[in-house]
Amino acid sequence: MKARFTILILFSTLNLFSQNRSNIWELCYFNTDPYPLCELHYQNGIMDTVSVFRKSSFYITDASICDTSGNLLFYTNGLIIENKNFDTLLNSNDFNPGEVTEVFYDFGAPTCQGAVIIPYPDSDSKYYIIYVSAEYLVANNTFEAQPLYLSYSVIDMELDAGNGGIIEDLKNIHLVDDTLTFGGLTAVKHANGKDWWVIAHRYYSDLYYKFLVTADGIEGPFQQHIGSKIKYDVFVQSTFSPDGSKFCFSNHGGWFDYMSFDRCTGEFSNSVTVESLDSLSILGNSFSPNGRFLYVSSSYNLYQYDTWSADIFANAIHIASWDNFEFFSIPVLFFMHQLAPDNRIYVGPYNGVPYIGIIDSPDSLGIACNFLQHSLKLPDHEYTHNIPSFA
């Protein structure tokens, strides 16, 4: 009983830690100066909009991190990093060079999960930011943009009088040189509750690159062939369940991979590839807070899968179809998902509009999950094409 109680306390602490780290979300598709831009704040048990004057615009890549009390530290749109004062982070200029960086510099990177931020183990002041840019090339007889390497920098919040900065000799260091999928970076805590696993995917392959982040540095890459061969991946999303035991990788090609994950060894297993039920590209996925339900969406439809079912994928539940709601003739469709600190799942819009959908009770079976399309209205002049991703 004592051991069980200790384990429960540990997981409660980890969940609280995670929620505080993701308490503030930076949003907005364009910098609409002189108008303010939008943040979502988790305060007093709810997520609410706040208008701020910020330099950076967020196209698709969106990552931020708070301290353990829920105060914003820094954030990135994949091309620039800004501190809690909405100013350029010290030594962060040109932290992510590449052709895509140059083309999209004024808008933000066009990469789903193009950056992930994680705390440096055994440090109260340091953070890893791991990211991709991309180069234009001809691959498979198609002109496209793909990342040719995965990089990291280390940010120390003790620099610049507590506003933070990139450590000079720990900036833009390559973890692997290879052609990668156009984003899909994610991370999950090691079973020891201290270290982290970071996951990336090779392009036109079924190869996952895995890195173990410890207090002594980053180990890897470790490699594993499993799941589908990713061929077409303009939009991808990779997501772990809250307990880290389940993983989903969805991609624009029209299917998703679901598998188990061992947080001790970093090994995937039991992979299943599932085709889209509506012949449309799969754009987003998420897990419910208790890890039971997997939500997967195309731009027009949202589905729920019960991972506790003996036959998970034979019993998919259609939760909702696009309800024809438009904003100035722009359909408000479904895009990437993110589980929020309020234990609701937020579904970003596919186009730049001022609306976000919410799965209000994601631990509930079927339509009782209560998907509220375009229910969160952003302030005037504030349009979004994304929601942030968190480790």
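In this predicted model, strands E7 and E8 make a hairpin with 6 residues between them. The turn holds Asp 122, whose phi is positive at about 65°. The two arms, E7 at residues 115-119 and E8 at residues 126-131, run antiparallel and are paired over 5 bridges. Within that ladder, Val 116 has Ile 130 of E8 as its bridge partner.

E7 itself is well tucked away, with 5 of its 5 residues buried. In a regular strand, side chains alternate between the two faces of the sheet. For E7, one side carries Ala 115, Ile 117 and Pro 119, the other carries Val 116 and Ile 118, and both faces are covered.

Further along the chain, E16 (residues 207-214) tells a similar story of cover: 8 of its 8 residues are buried. Leu 207, Tyr 209, Phe 211 and Val 213 point one way from this strand. Tyr 208, Lys 210, Leu 212 and Thr 214 point the other way, and these are buried too, the lysine included.

E16 also has a partner on either side in sequence. With E15 (residues 196-201), E16 runs antiparallel, joined by 6 bridges, and Trp 197 stands opposite Leu 212. The E15-E16 hairpin leaves 5 residues between its strands, and here Tyr 204 in the turn shows a positive phi of about 50°. With E17 (residues 217-225), E16 pairs over 7 bridges, again in the antiparallel sense. Lys 210 comes up once more here, as the bridge partner of Phe 222 in E17. The link between E16 and E17 is just 2 residues, making another hairpin.

Zooming out, the protein chain has 31 strands and 2 helices. Its C-alpha atoms fill a box of roughly 55 × 55 × 55 Å along the principal axes. The radius of gyration is 19 Å, which agrees with a compact globule, because a globule of 391 residues would come out near 21 Å. Buried residues account for 58% of the 391 in the chain. As for contacts between residues at least 6 apart in sequence, 55% of them join residues at least 24 apart.

On the outside, the chain exposes about 15,700 Å², with carbon and sulfur atoms supplying 51% of that area. Charged side chains come to 19 positive and 43 negative, and the centres of these two sets lie 8 Å apart.

Note on methods. Residues numbered from 1 in each chain as written. Predicted model: local features only at pLDDT ≥ 70, side-chain atom pairs only at ≥ 80, totals over all residues. Heavy atoms only, no water. Buried < 20%, exposed > 50% of the residue type's maximum accessible area, 1.4 Å probe, protein only. Helix = DSSP H or I, 4+ residues; strand = E, 2+ residues; numbered from the N terminus. Pairing = 2+ DSSP bridges. Rg over C-alpha atoms; globule rule 2.2 N^0.38 Å. Contact = heavy atoms within 4.5 Å. Areas by Shrake-Rupley, 256 points an atom, 1.4 Å probe, with all protein chains shown as cover. Lys, Arg positive; Asp, Glu negative; His and termini not counted. Charge placed at Lys NZ, Arg CZ, Asp CG, Glu CD.
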